[in-house]
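Colleague: Got the model open? I'd like to talk through the ligand site.

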Amino acid sequence: MDTYEMIINGKNVGNNLEKIHVTNPANNEPIAEVPYGGKNEAVSAADAAYQSWTDWSERSAYERSELIRKWYELINENKEDIALSMTLEQGKPLKEARGEIDYANGFISWYAEEAKRVYGEIIPASTTSKRIFVQKQAVGVVAVITPWNFPAAMITRKVAPALAAGCTVVIKPAEQTPITAIKLVKLAKEAGIPDGVINVIVGDAKEIGETWNADTRIRKLTFTGSTPVGKLLMKGAANNVKRVSLELGGHAPVIILGDCDIDKAVNGVIQAKFRNAGQTCVCANRIYVDETIQEEFTAKLIEKVRELKVDQGVNESTDIGPLIDRVAIDKVDSHVKDAVEKGATIEVGGNRIEGLFYEPTILSNVSDDMICMKEETFGPILPISPFKDVDEAITRANDSDFGLASYVFTENITKGIKIIDKLEYGIVGLNDGLPSTPQAPFGGYKQSGLGREGGHHGMDEYLEVKYISLGL
Ligand code: NAP
């Protein structure tokens, strides 16, 4: 079995610590072991990141850009290896793991360029005897805490802009998927990114989070994960008025109008729902379809869902891999059971498969009191509910504490834009089931988070604004 170590200040560390197994969710077999740390490692990582910050932030943007670009190239060269590790530790189909590496690396490539475009401003003063300048500077050391569902992209989406801005980072990946993270950080070292600029540790999440939150040298915390943990970290960050970015849970509605291109809508829904076995924060979680096309839409969707192949992610033909763990599969099953008890019909699927697999499932005759219509399921089930009037669909779509992604399918763009104006969501896919991309701002309204990742908005999260008043 392979052993991986943490990386602090460019050194492999943790050999002396207790080890935990990383397990393949497809067959429950251990695939590697990693050391399990806590407060000591959190402090050492913060020391290294703080000590390397001045040097890194004082390098020219061009130099940082070149090193980040080199990192991108090495990840490309090692794509197959990292993708396989990702599939083994996380479960997603290999073709999706490759796709995630491309997506993750897209952030590195984009921010390598953006490093050179951190512009300031000159603002007209109210008197001729003054000049007003605005410049942007790196926030400082950034703590990065990430979930298991996108083991590479959730890291690069934060680390690439942080590095481009001149920040240094300490990373704690999810306990279930540390290998991808460690491999990425190893390649950063190989690319020539100086020791201490990127550090990665594995261990007790609560202890590490509290240690980093209490450390005033860490100026920002960026977190992707569940809303309850996000709230906890935000409270901890408040003690030192640490800057926070939060990418939290979702509960994405899909509104399908009677004038849509039904095939396009079906394909969009398949993309938005079943990628990563339904374990994405932007997953279509509930469908509202115009009652005039409900039958045809549902029939076509069922046909496509029947074609999805559930199997181990390492098989090239797999569409849906295992869920991450027993808790996840129990949650999916409980959502289906609750819906059926309250009168839902299972159109397809609805069963566990041995191990951590679950059949892709479509539910009809659903009502808004069912758990699956109120909470993020994070699994391959999709409830479909008809509507008569589009305003009713918008009200139901907005009736949630979450506001991350939403989807609208219509061939009438004017209608589509009017619906978008009313949706309380940070992301809208209009005739698009896959809106995420490195150059666009990703993030949510309401309890889905704070801040944006991607694009120039994502860069601002790692920059302080300094205003200089010059008296002449
Ligand atoms: P999670 O339980 O909140 O875990 C996320 C990370 O936080 C993991 O690294 C975890 O470490 C760590 N953590 C757990 N408790 C902590 C604590 N008390 N203090 C500090 N860190 C702590 O979330 P998850 O189940 O892994 O991820 C699924 C959630 O993430 C879903 O709600 C999904 O919607 C959301 N998500 C959001 C986005 C977005 O962009 N908005 C993207 C992806 C996922 P351990 O693994 O060691 O427990």
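Modeller: Here is a short run through the ligand's surroundings.

Modeller: This is a predicted model, where local features need pLDDT of at least 70, side-chain atom pairs count only at pLDDT 80 or more, and totals for chains, interfaces and linings use all residues. Residues are numbered from 1 along each chain as its sequence is written, and side-chain values use heavy atoms, with hydrogens and water left out.

Colleague: How many residues surround the ligand?

Modeller: 29 of them, counting a residue if one of its heavy atoms lies within 4 Å. Thr146, Arg157, Ser226, Leu248 and Glu376 are the closest.

Colleague: Which polar side-chain atoms lie by an oxygen atom of the ligand?

Modeller: One from Arg157, at 2.7 Å, and one from Trp148, at 2.9 Å. A backbone N or O atom of Gly225 lies 3.2 Å from a ligand oxygen atom.

Colleague: And how much of the ligand does the protein bury?

Modeller: 86% of the 920 Å² that the ligand exposes taken alone. Those areas come from the Shrake-Rupley method with a 1.4 Å probe.

Colleague: Switching topic. Why does the ligand lie between the domains?

Modeller: Domain 1 (2–248 + 448–471) and domain 2 (252–437) both give residues to the shell, so the ligand lies between them. The bounds come from an automatic or database domain assignment.

Colleague: Which helix gives the most to the shell?

Modeller: α8, with three residues. Helices here are DSSP runs (H or I, at least four residues), numbered from the N terminus.

How values were computed. A polar contact is a pair of N or O atoms within 3.5 Å; within protein, one must be able to donate a hydrogen and the other to accept it, and residues adjacent in sequence count only if both atoms are side-chain atoms. Helices (H or I, at least four residues) and strands (E, at least two) are DSSP runs, numbered from the N terminus.
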